[in-house]
Amino acid sequence: MTQHKSGFVNIVGNPNVGKSTLMNLLVGEKLSIITSKAQTTRHRIMGIVNTEDMQIVYSDTPGVLRPNYKLQETMLNFSESALDDADVLVYVTDVVETIDKNDFFLKKVAKVTSPVLLVINKIDLSNQKELEQKVAGWHEILPQAEIIPLSATNKFNIDYLKKRIETLIPESPPYFEKDAMTDRPARFFITEIIREKILLYYQKEIPYSVEVAVELFEESKELIHIKALIIVERDSQKGIIIGEQGKALKKVGSMARKDIEKFFDKKIFLEMFVKVEKDWRNRDNLLKSFGYKLE
Ligand SMILES: Nc1nc2c(ncn2[C@@H]2O[C@H](COP(=O)(O)OP(=O)(O)OP(=O)(O)O)[C@@H](O)[C@H]2O)c(=O)[nH]1
Ligand SMILES: [Mg+2]
């Protein structure tokens, strides 16, 4: 009889390289939000793939950064914790970023004892010569890593990456129920979908000053009634979020509702409110209540 295999495959790397895009492809579900803005992902999010004799627990993590405020410290904690408990570490870079970006983190990756797969993403934006130079450079920096160039957008070489991951998963009983798809409750995905629309709709620092909380989740036969709170740092930001005659918030609400309906496959009644919590990004009690782990 073949033994059951199970393990943690942790996806780390700098902001905007395509970690969440890759995670969703590997899991086969849209669990992580994706935007063209850096620092889209703020949490460690698990996506679980189950087959009869295997359970792979993928983790998507925030992009590595040098923290300027407490929220960013907790984001970096998520990325660093993912180095410690990986059975397979997937370090994602792309063809655009320089290979010495955030070398403080790369030094930690170099010390990881589990197998490291180094994914060079977005090769659709590169050519053979440039790619060869990147591969050579990365080989110098992380000699222990197996380098896998791919394009998440074009789904190029994803199957090969999956195969490599599967061969590296150790024998172990499953860590989660075999029908589990994630470690996160439904409410979490509601807040993420709303945050994705805010990242897409508003400019500059607004999305980075926003947090979303679900205040009510009430399911009946026909629909789910959701009350969501959008938290900002300053009064002026509240005005921008709401927009002239409430138009901006209405637009964001309608985009979010459509995606939430898809996620739950059910009709959604979404109400949104905006609240100012001065400097919430530096306040321990608020960060904790929003699910960020403090050291
Ligand atoms: N051209 C190209 N773009 C890609 C590829 N993969 C992802 N992207 C784009 O890169 C941007 C960032 O993708 P994400 O998956 O959100 O990146 P991330 O690493 O999770 O970003 P953070 O959560 O901010 O750290 C999005 O606009 C994606 O559509 C790819 O293979 N080729
Ligand atoms: Mg992400």
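**Entry 1: the end of α8**

I began just after helix α8, where Asp-265 takes a positive phi of about 55°; I keep in mind throughout that this is a predicted model. I then went back over the helix itself, which covers residues 247-264, and checked its length: at 1.5 Å a residue its 18 residues should span 26 Å, and the end C-alpha atoms are indeed 26 Å apart, which agrees.

Which residues of α8 are buried? I listed Ala-248, Leu-249, Val-252, Gly-253, Ala-256, Asp-259, Ile-260 and Glu-261, and I noted that Asp-259 and Glu-261 are among them. Looking for what covers these buried residues, I found that they pack against helices α6 (186-201) and α7 (235-242) and against strands β8 (223-232) and β9 (267-276).

**Entry 2: helix α6**

Since α6 came up as a partner of α8, I looked it up next. The helix has 16 residues and reaches 23 Å from its first C-alpha to its last, close to the 22 Å expected at 1.5 Å a residue. Twelve of the 16 residues are buried, so I describe α6 as largely enclosed by the rest of the structure. The buried residues include Phe-188, Phe-189, Ile-190, Ile-193, Ile-194, Ile-198 and Leu-199, and also Glu-192, Arg-195, Glu-196 and Lys-197. Their packing partners are β2, β7, β8, α8 and β9.

For β7 (residues 211-219) I picked Ala-213, which is found in that strand. Not counting residues up to four places away in sequence, Ala-213 touches Thr-191, Lys-227, Ala-228, Leu-229 and Ile-231; of these, Thr-191 is one of the buried residues of α6. I also took a distance across the model: the C-alpha atoms of Ala-213 and Leu-25, 188 residues apart along the chain, are separated by 27 Å.

**Entry 3: Thr-182, in the loop before α6**

Thr-182 lies in the loop between α5 (158-168) and α6. Is this threonine buried or exposed? At 18% relative accessibility it counts as buried, because the cut-off for buried is under 20%.

I then followed the side chain of Thr-182, which reaches the backbone oxygen of Met-46 at 2.8 Å and the backbone nitrogen of Arg-184 at 3.1 Å. With residues up to four places away in sequence left out, Thr-182 touches Leu-31, Met-46, Ile-48 and Phe-189.

**Entry 4: the β2-β3 hairpin and Gln-55**

Ile-48 led me to the strands β2 (residues 45-51) and β3 (residues 54-60), which run antiparallel and are joined by seven bridges. A hairpin of two residues connects β2 to β3, and Ile-48 stands opposite Val-57 in β3.

In β3 I also looked at Gln-55, which counts as buried because its relative accessibility is 0%. A polar atom of its side chain lies 3.3 Å from the backbone oxygen of Glu-177. Leaving aside neighbours within four places in sequence, the contacts of Gln-55 include His-4, Lys-5, Ser-6 and Gly-7, then Ile-48, Val-49 and Asn-50, and also Pro-174, Tyr-175, Phe-176, Glu-177 and Lys-178.

**Entry 5: strand β4 and its two partners**

How many residues of β4 (residues 88-94) are buried? I find seven of its seven residues buried, and both faces are covered, with Val-88, Val-90, Val-92 and Asp-94 on one side and Leu-89, Tyr-91 and Thr-93 on the other.

Strand β1 (residues 5-13) runs parallel to β4 and is joined to it by five bridges, with Val-9 opposite Val-88. With β5 (residues 116-121), β4 pairs in the parallel sense over six bridges, and here Val-90 stands opposite Leu-117.

**Entry 6: ligand 1**

Last, I turned to ligand 1, which is surrounded by 23 residues, the closest being Lys-19, Thr-21, Gln-39, Thr-40 and Thr-153. Helix α1 (residues 19-27) gives the largest share of this shell, three residues.

For the polar atoms, I noted a backbone N or O atom of Asn-16 at 3.0 Å from an oxygen atom of the ligand, and a polar backbone atom of Gly-18 at 2.9 Å from a ligand oxygen. From a side chain, an N or O atom of Lys-122 is 3.3 Å from an oxygen atom of ligand 1. On its own ligand 1 has 660 Å² of accessible area, and the protein covers 87% of it.

Notes
Residues numbered from 1 in each chain as written. Chains lettered and ligands numbered in written order. Predicted model: local features only at pLDDT ≥ 70, side-chain atom pairs only at ≥ 80, totals over all residues. Heavy atoms only, no water. Helix = DSSP H or I, 4+ residues; strand = E, 2+ residues; numbered from the N terminus. Expected span 1.5 Å × (residues − 1). Buried < 20%, exposed > 50% of the residue type's maximum accessible area, 1.4 Å probe, protein only. Contact = heavy atoms within 4.5 Å. Pairing = 2+ DSSP bridges. Near = heavy atom within 4 Å. Polar contact = N/O pair within 3.5 Å; in protein donor to acceptor, adjacent residues only side chain to side chain. Areas by Shrake-Rupley, 256 points an atom, 1.4 Å probe, with all protein chains shown as cover.
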